[in-house]
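Me: Please take a close look at a single helix of this protein, and then set that helix in the context of the whole chain.

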Amino acid sequence: MKTIHGMLENNAKKHPNKDALITATVRMSYPELNAKVNQIARCLQESGVQKGNRIAIISTNNEHFFFAYFSLLKIGAIPMPVNVKLTSPEIHAILTNVDADGIIFEHEFNTTINTILETWSSALVFTIKQLLDQSRIQDQTNLNLPIDTNDICEILFTSGTTGVPKGVVFSHKNVLTLTQAIATEFNFTAKDKALTIMPLSHSAPLNNFTLAPIYAGASVVVDNFTPQAFLQWIDDEKTTFTFVAPVAYLLTAKQENMNDYDLSSMRVFAYGGSAMPLATFNYVTKRFANKNFYQVYGLTEAGPNGSLLRPHEHITKSGSIGNKPVINMELKIVAEDGKETAPNEYGEILLKGDSVMAGYYNNPEATANAIKDGWLYTGDIAYKDEDDYMYIIDRKKDVIIPGGVNVYPREIEEVLTNHPAIYQACVVGVPDEKWGETVKAVIVLKDDQLLTETELHEYLATYLADYKQPRIYRFVDELPHSASGKILKQQVKEM
């Protein structure tokens, strides 16, 4: 196989009776999915979509996403999944930033798209329902167009915490390298049934934990996350693998009726985006009655690809991202002078491998800043312990500097979430006239728990130097999260 859609075509031959895709409304075998995608691809061709066209996909997690994604790949066009929770102005900015040629969208986003079309125009705008209706008479056989493994296969978007999200460009080779590595690391086989319930517009749910199972010929169960849907799909379909953000596990663990669901089929619960403190890990694994939790470290620009913390390592190495990279990757931590760090010395994580992006779309300056001598500079500040286990201290851009001294929010958050009354905590830097910046902690307490600032100060004084301790506390009912489950720190600063 040299292309992503080649995986689908190969499975249609190799696994003719195997479920490829299971959603709330369809159950499709690999041949059925491949045939439907071929029909839609031909419909798109006749409507003017050509190889190299950049086409945004605006779809929730269901079969429509896959119809659009694979049909574009079949004709050499470039799918660009977009977060459906974005507003019209935000989507408009993304389309403009990547010189988009068109949009495929679900009908429910018609109002959003019509608003965009008032100031952005293209002849290549389709609803998925329209494509389904028009494609019924099309040929179901493979198109077999000349598409090279080095051709661009997708553009994904960064989280956009600072300005318009950047378009991250991947070739078929980049993504195939990733799927092979992830399938190997997690031992995916055709017997697996992977549950994808985080947004497919994000890199890990799509590339790592949907395409990698497809590479292995596994079935994929797809839906949008709610705690009850999460539990119900595992019980109903006897899924074996899933990946969600830590907050999704926490929300699910709080469901009073968890014991009503049979979760025994699950061999892997994976998570990423942030570490899971030991107290949270213990709480979640107890509620799920399963300790097979893997932390996955990586970032969109790397595929994402990076390293793993395996279940047995959580107890002694809580908060670590593991002690070695995923296969096909190189990883090192370097100081400002470019030399690898000694144990317990802070530096930046660098990644290198064939799954690293081709670059940012139409942004050579940002690409040059991110990739130097083949190494991707992640912006994650970390250190290794004496056993080579790596610990991320924080994002380089999130470091708080009160009075010229570096303070790392994640270190404070770890201490806060170990308090028995605290459910979640987020630490940010906010402007301060005297010190330039000061430390602010925004806290969600567990149900029926009470905690005062004085009590928190006394607790933190035991574990943290005075200059690291928050000067401002806010108690809230919940923290703001992105669609991928990451805490939105800019919003937290304003709480």
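Reply: **A close look at helix H3**

Helix H3 is mostly covered, since 11 of its 12 residues are buried, where buried means under 20% relative accessible area, exposed means over 50%, and partly exposed lies in between, with a 1.4 Å probe and protein chains only. The model is a predicted one, in which local features need pLDDT of at least 70 and side-chain atom pairs count only at pLDDT 80 or more, while totals for chains, interfaces and linings use all residues. Residues are numbered from 1 along each chain as its sequence is written, and side-chain values use heavy atoms, with hydrogens and water left out.

The buried residues of H3 include the aromatic names Phe 65, Phe 66, Phe 67, Tyr 69 and Phe 70, and they also include Glu 63 and Lys 74; the remaining buried ones are Ala 68, Ser 71, Leu 72 and Leu 73. At 1.5 Å a residue, the 12 residues of H3 (residues 63–74) should span 16 Å, and the end C-alpha atoms are 17 Å apart, which agrees; the expected span is 1.5 Å times one less than the number of residues.

Helix H13 (residues 409–417) offers a second view of burial, with Pro 409, Ile 412, Glu 413, Val 415, Leu 416 and Thr 417 as its buried residues. These buried residues pack against helices H11 (278–288), H14 (453–461) and H15 (489–493), and also against strands S20 (390–395), S21 (422–432) and S22 (436–445), contact being heavy atoms within 4.5 Å.

In the loop between H13 and S21 lies His 419, which is buried, with a relative accessible area of 13%. Not counting residues up to four places away in sequence, His 419 touches Leu 451 and Tyr 459, whereas its C-alpha atom and that of Phe 186, 233 residues apart along the chain, are separated by 33 Å.

For the protein as a whole, the secondary structure comes to 15 helices and 23 strands, helices being DSSP runs of H or I with at least four residues and strands runs of E with at least two, numbered from the N terminus. The radius of gyration is 23 Å, close to the 23 Å that the globule rule gives for 495 residues, so the protein is as compact as a globular protein of that length; the radius is taken over C-alpha atoms, and the rule is 2.2 Å times the number of residues to the power 0.38. Of the 495 residues, 58% count as buried.
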